[in-house]
Amino acid sequence: MARFALRRVLAAILTVGLVVSITFLLAHLAPGQPMLADAERMHADPARIARIRAEFGLDRPLAVQYTMYVGNALRGNLGESFTMRRSVGEILRERLPHTALLAGAALLLAFAAGIAIAAIQATRAGSWTDAGVGAVTLTFHSTPSFWLGLILMVAFGQWLGWLPVGGMTTPVEHEQMGMMGRMVDVGRHLILPALTLALVLTAEIARYQRGALVDALGSEFVRAARAKGLAERAVLLRHALRAALAPVVVLAGMSVPALLAGAVLVETVFGWPGMGRLTRDAIVTRDYNLILGAAIISGALVAIGNLAADLGAHALDPRTR
Amino acid sequence: MTTSPPVVGPALLEIRDLRITFRTADGIARAVDGVDIDVQAGETVGLVGESGCGKSVTSLAILRLVDDGMIGTGSSIRLEGRDIMALPGKELRAIRGNHAAIVFQEPASALNPVLSIGDQVAEAVTTHQKVSKKEAWDRAVEMLKTVGIPDAGSRARGYPHQLSGGMRQRVLIAMALICRPRLLIADEPTTALDVTIQAEILALLEDLQRKLGMAVLLITHNLSIVAESAQRVYVMYAGQIVEQATTAMIFAKPAHPYTEGLLAAIPRLDQRRDRLEQITGQVPPATAWPSGCRFHPRCPYAWDKCRTEMPPLLDAGPGQKARCWLVEEPERRADGRTGKQADQQKRPR
Amino acid sequence: MFGLALVTTIVLIAILAPLIAPHDPLAMPDPVLLRTAPPSRQFLFGTDAFSRDVFSRLLFGARVSLVVGIASAALAVLIGGAVGIAAGLGGPMVDTVLMRGVDVALALPRVFILLAALALWEGAPLSALIALIALTGWFGASRLVRAHVRQLAEEPWAAATLALGGGKRRLARHLLPHVAATIIVSATLDIGNIILLEAGLSFLGLGIGPPTPTWGNMILEGRDLIFAAPWVAVAPGLALTITVIAFNLLGDGLRDALNPRGTAGRWNRLTGSV
């Protein structure tokens, strides 16, 4: 077990390293200069450009820059953001929890709902209910998340006025609320983006789990359980679901890249101040250090997701031990 | 506990006119077509037939483990005098695994791979009796010992994939018997196992049957298994019972050509044969049973009547019945043979 | 099959767009008076902020989505298939190296890399977009193909081919028709995802840019108008959803047709051997 975990952790580190390296290369090999997009477009004075380059060490050879960066990063120094004029580390520390909140909520929601929907479908396999629910999940699976977010925002924010329209907190008022009030405020703002992010993932989990459950329900051991006198509910929960759970846990862990991708879109649509939006902005403005910082976090999150998935599957399915 | 007081009838299990149909892509399959079976308390009864004759699905129907829609409305299944078909769900579940239990054929797939052995056996207890989890576990371990699993305590904590086929079958038996059912339905309990293990399992079943005083319905395609253990045998073909008799009679004087064929197919050490006997032809599909007697296409004695009229179960001797026109016209047996059977007559036995 | 019909319809519409479209998608007939006009008989889905006909833009947007979707999926599956076959037939060394590489690659955040690549490569042409999407997405296909190849390699006829002196190359050729089914299903199911991916990239301002209409950048433009002129954003979103549903249905249908999973009715499932 320990060796298994160790190997996985090493793989995780490798992943992060790879992501950073690829990003590094891309940033330097792509036409145009990192960080200077705006400056160049405005035809800034070449001397100024040269100064900026020197300041950020861009005039050194590639390998040296790479080593410098890695060296600093390992010591916790991720450099400074060009556009925001703050330490990258600080920015990340601020934004990451917001995305974690969003993605975490979405993942939990998707997991719970997805399995429940799959259970409903599987126990009625072949019926109109099954087909109907299946059509709905197919639709959500095929919907662009950012568009869905927009629609929801208009529907619930504008027309019905039930929920706030974008952002994470109500400006100004938030500061004046007590602890409880602030949590509720964030919660209210969280609903729509989390829902949007979750809907597509729910559909995927439901589609996947339905098949696994139908198989499990048709299996010999489920019949044996019924022959023992178990009630249908116990059969479903203790036997079928339990047996079909491992692959879905793996799926959930593997969805982290998709979640992060979705977060970029959803955060942009809802103006949620998280890593996703940060990543996009950093990339578009060619904020070099920030991009690399985001790359590290991305890679790390994906690696953690995979690790959790593997460990989860390992724990759930004794045959893998 | 019970809504209808159990009637102390003559048989523990009484199946009358059981009909089971399926819808398949090729039409309606009449898998079981009017089957009557009796099992008395404490006796072992064999149900024998090739694959495709309907025996397994019959066994499942006893505990209503098939879709209700598939069982014909005229069919009746009475266990300990109670009408199984009329029982509400809760009472039905109280019987399953408790008053009557099934041991399934495939030990590899009948056990849940992600739950421990102990949990699965203990589950049979907790479903029917109000005992603590610890007590259920202890009883499970006891039962595992009884069925001959070495080191039962630690095996119980393990998982199915860690056991061999024979061990898994023992676990299934433990699971079925832990609540001391009055009837055990053993569906091909040894088919998936090595010959050497088969003997052990059969011995175990016999032993337990004596100890618990239960009735056993032994379902198999292998007549030789039945010879050892059963007192009476039903032979099934194409969804019908074609012969029923005591084991001794079945082996000494089979009344139905199919039974003869099954017997002839058993390899014997004391006969010189160049080739193993076979019953010519194959079991027809359940969607298209032949007209008249369903065995006639494969029967060496068949004549016109067999092709057009379905024989009922006729009395062929004390405690023996056969679904064959030969019972009424036994002389046809001597002169009606064709092909192999005729040759067989000429060779010295 | 419904999926096939739907997909064919959409593809036809896209191909025939220049003939069907009532207006020129780039034309701005009257940026003042016809700005964000609601749907009417003249403009089926209304006009956008530049008085361009949304319906016509929608039709042309289909071309981009379909081209990117189909081309990327095809390319990805070709690369993945090649690697999969190489890994499946190659010796243990080759197999391990390739598959470990794929494992690591699967763990990389695809969108991040695409975003970075596109942002840093300003003005990337369509072909580059297709190539990038394909290059970041062939890993799953390679795993599938490898598994299938290994399975097939166990079969007697494969051993026979080798025994008769055919080299691995020849075996690969014999394997192709079998593996083709897996590849086609994988590609078709991928198309939907790629279309959504491309739309997302357009929405973020990367990918194909204005004035060429893509469904993604139409939604982006419609975003600010979402309250005042919802049709600008709603129409392309619906188009995307319907198109992706169509490809998913097609993919599901293909998968069921080519790999029947023994849904042999209740008879067998119920009893195994009767």
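How many helices and how many strands does chain A have?

1. The model is a predicted one, and in it chain A has 14 helices and zero strands. Read from one end of the sequence to the other, chain A follows the pattern α-α-α-α-α-α-α-α-α-α-α-α-α-α, so a reader who follows the chain in the viewer should look for helices and the segments that link them, given that helices and strands are assigned here as DSSP runs.

2. Some totals help to describe chain A as a whole. Of its 321 residues, 50% are buried, and the chain exposes about 14700 Å², of which carbon and sulfur atoms supply 66%. When the contacts in chain A with a separation of 6 or more are considered, 73% of them join residues that are 24 or more positions apart.

3. Helix H10 of chain A, which covers residues 220–227, deserves a careful look, since seven of its eight residues are buried and the helix is mostly covered. Among the buried residues of H10(A) are Phe221(A), Val222(A), Ala224(A), Ala225(A) and Ala227(A), but the list also includes Glu220(A) and Arg223(A). Just after H10(A) comes Gly229(A), which takes a positive phi of about 100 degrees.

4. Is Thr279(A) buried or exposed? Thr279(A) has a place in helix H13 of chain A, a helix that spans residues 275–284, and its relative accessibility is 6%. Because buried means under 20% relative accessible area, Thr279(A) counts as buried at that value. Once the neighbours within four places in sequence are left aside, Thr279(A) is in contact with Ala294(A) and with Phe112(C), and the second of these partners belongs to chain C.

5. On chain C, attention turns to the surface, where Leu12(C), Ile13(C), Ile15(C), Leu16(C), Leu19(C) and Ile20(C) form a nonpolar patch with about 550 Å² of accessible area together. Two helices of chain C, H1 (2–15) and H2 (17–20), each supply at least two residues of this patch, and the largest share, three residues, comes from H1(C).

6. Leu12(C), one of the residues of that patch, lies in helix H1 of chain C and has a relative accessible area of 45%. Why is Leu12(C) described as partly exposed? The term partly exposed applies between the limits of 20% and 50%, and Leu12(C) is therefore partly exposed at its value of 45%. A patch residue needs over 30% relative accessible area, and the 45% of Leu12(C) can be read against that cut-off as well.

Key
Residues are numbered from 1 along each chain as its sequence is written. Chains are lettered from A and ligands numbered from 1 in the order in which they are written. This is a predicted model: local features need pLDDT of at least 70, side-chain atom pairs count only at pLDDT 80 or more; totals for chains, interfaces and linings use all residues. Side-chain values use heavy atoms; hydrogens and water are left out. Patches are made of residues with over 30% relative accessible area and no salt bridge: like charges are joined within 9 Å, nonpolar side chains (Val, Leu, Ile, Met, Phe, Trp, Tyr) within 5 Å. Accessible areas come from the Shrake-Rupley method with a 1.4 Å probe; for residues, only the protein chains shown count as cover. A salt bridge is a side-chain nitrogen of Lys or Arg within 4 Å of a carboxyl oxygen of Asp or Glu. Helices (H or I, at least four residues) and strands (E, at least two) are DSSP runs, numbered from the N terminus. Buried means under 20% relative accessible area, exposed over 50%, partly exposed in between (1.4 Å probe, protein chains only). Contact means heavy atoms within 4.5 Å.
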